[in-house]
Amino acid sequence: HFQPIVSLESHQPVGVEALIRWERPGHGLVPPDQFLPIVNRAGLTVELGSEVLRESLATWSRTISRVFAKLGLPTPYVSINVEVAQLEDPGFVDFVLAQAATAHVPSTSIVLEVTEHTLAAGDVVLGQLQRLREAGIRIALDDFGTGYSNLGQAQKMPLDILKIDKSFLEGMDTDDRSHRMVSDVTNMAKGQNLKVTAEGIESQLVAELLAGMTVDYGQGYHFSKALPEADLERWLESF
């Protein structure tokens, strides 16, 4: 499924995040926190990640870019989560670039999301991220604030985007402390020339507050939940 990402300045969609879903026969959609630990224990993280990347790029080429062009919107990006296990594979960069070429997706339209745990993965992983950036792919630090790192540690990583975790937004419209915390994180990220995306936006007021802090992008149920491809196309055409 794909969750739209919206510019808080222009109020137009700029891209989507690919979010894995499992439709289990007889049970409906199973949330990823229930099945991904099983995937990891089974040693299938790399294989599943490769399939997610292939399908995400194919959807960008087949639907997302086409609809954005039809609506006269700038070329969108697709943001894809990657795990440390994928980045530890020495062939990962070549795999990503080959899949992008096959799907005719420009590297500048790809964002790969990593978590703070990537900081502890060592020089091989950081070298892979640097190679990806040199190829034009952007790197986003996902769920910032839920792990053990801070922006000082994050300077070690080749980054383009910082994603503020939704937990930072809780009570932001009524709690001055939460408001200041989001503002401080945004200002520090901007000081490092990073774009900022806020996750988990659930109201127009919070979206407006974030825009006033110069947060660049937003995603969350206020705009849309994650949608399957056909529903995403309808959402974009009616936005």
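**Close-up 1. Contact between helices α2 and α4 in the predicted model.** Ser50, Leu53, Arg54, Leu57, Ala58 and Ser61 on the α2 side meet Phe95, Val96, Gln99, Ala100 and Ala103 on the α4 side. Helix α2 comprises residues 45-70 and helix α4 residues 92-103, and their axes, which come within 9 Å, cross at roughly 30 degrees. Because angles under 35 degrees count as roughly parallel, α2 is described as roughly parallel to α4. The handedness of this crossing between α2 and α4 is right-handed.

**Close-up 2. Packing of helix α2 with helix α9.** Helix α9, formed by residues 229-238, packs with α2 at an angle of about 20 degrees, and the two axes are 10 Å apart. This angle makes α2 roughly parallel to α9, and the crossing of the two helices is right-handed. On α2 the contact involves Glu55, Thr59, Arg62, Thr63, Ile64, Arg66, Val67, Phe68 and Lys70, while on α9 it involves Glu229, Leu232, Glu233, Leu236 and Glu237.

**Close-up 3. Crossing of helices α4 and α5.** Helix α5 spans residues 123-134, and its axis comes within 9 Å of the axis of α4, with a crossing angle of roughly 25 degrees. The two helices, α4 and α5, are therefore roughly parallel to each other, and α4 passes α5 in a right-handed crossing. Phe92, Val93, Asp94 and Val96 of α4 make the contact with Gln128, Arg131 and Leu132 of α5. Val96 of α4 is thus named in this contact, and Val96 is also among the α4 residues that meet α2.

**Close-up 4. Surroundings of Ile139 in strand β7.** Ile139 belongs to strand β7, which covers residues 138-144, and Ile139 is buried, its relative accessible area being 0%. When neighbours within four places in sequence are left aside, the residues in contact with Ile139 are Leu112, Val114, Leu129, Leu132, Arg133, Pro158, Leu159, Asp160 and Ile161. Leu132, which appears among these partners of Ile139, is also one of the α5 residues that contact α4. His104 lies 35 residues from Ile139 in sequence, and the C-alpha to C-alpha separation of Ile139 and His104 in space is 20 Å.

**Close-up 5. Thr186 within helix α7.** Thr186 is placed in helix α7, which is made up of residues 176-191, and Thr186 is buried, with a relative accessible area of 0%. Apart from neighbours within four places in sequence, Thr186 is in contact with Ile164, Val196, Met213, Thr214 and Val215.

**Close-up 6. The aromatic pair of Trp235 and Phe239.** The structure holds 3 aromatic pairs, and one of them, formed by Trp235 and Phe239, is tilted, with 4.7 Å from centre to centre and 45 degrees between the planes. Trp235 is buried, at a relative accessible area of 14%, whereas Phe239 is partly exposed, at a relative accessible area of 47%.

**Close-up 7. Arg138 over the ring of Tyr77.** Arg138 lies over the face of Tyr77, at a distance of 4.9 Å from the ring centre.

Definitions and conventions
Residues are numbered from 1 along each chain as its sequence is written. This is a predicted model: local features need pLDDT of at least 70, side-chain atom pairs count only at pLDDT 80 or more; totals for chains, interfaces and linings use all residues. Side-chain values use heavy atoms; hydrogens and water are left out. Rings of Phe, Tyr and Trp (its six-membered ring) pair if their centres lie within 6.5 Å; planes under 30 degrees apart count as stacked, over 60 as edge-to-face and the rest as tilted. Buried means under 20% relative accessible area, exposed over 50%, partly exposed in between (1.4 Å probe, protein chains only). A charge sits over a ring if NZ of Lys or CZ of Arg is within 6 Å of the ring centre and within 35 degrees of the ring normal. Axes are lines fitted to C-alpha atoms, for helices over the stretch in contact, and angles run from 0 to 180 degrees between N-to-C directions. Helices (H or I, at least four residues) and strands (E, at least two) are DSSP runs, numbered from the N terminus. Angles under 35 degrees count as roughly parallel, over 145 as roughly antiparallel, 65 to 115 as roughly perpendicular and the rest as oblique. A crossing is left-handed if the near helix is turned anticlockwise from the far one by less than a right angle, and right-handed if clockwise. Contact means heavy atoms within 4.5 Å.
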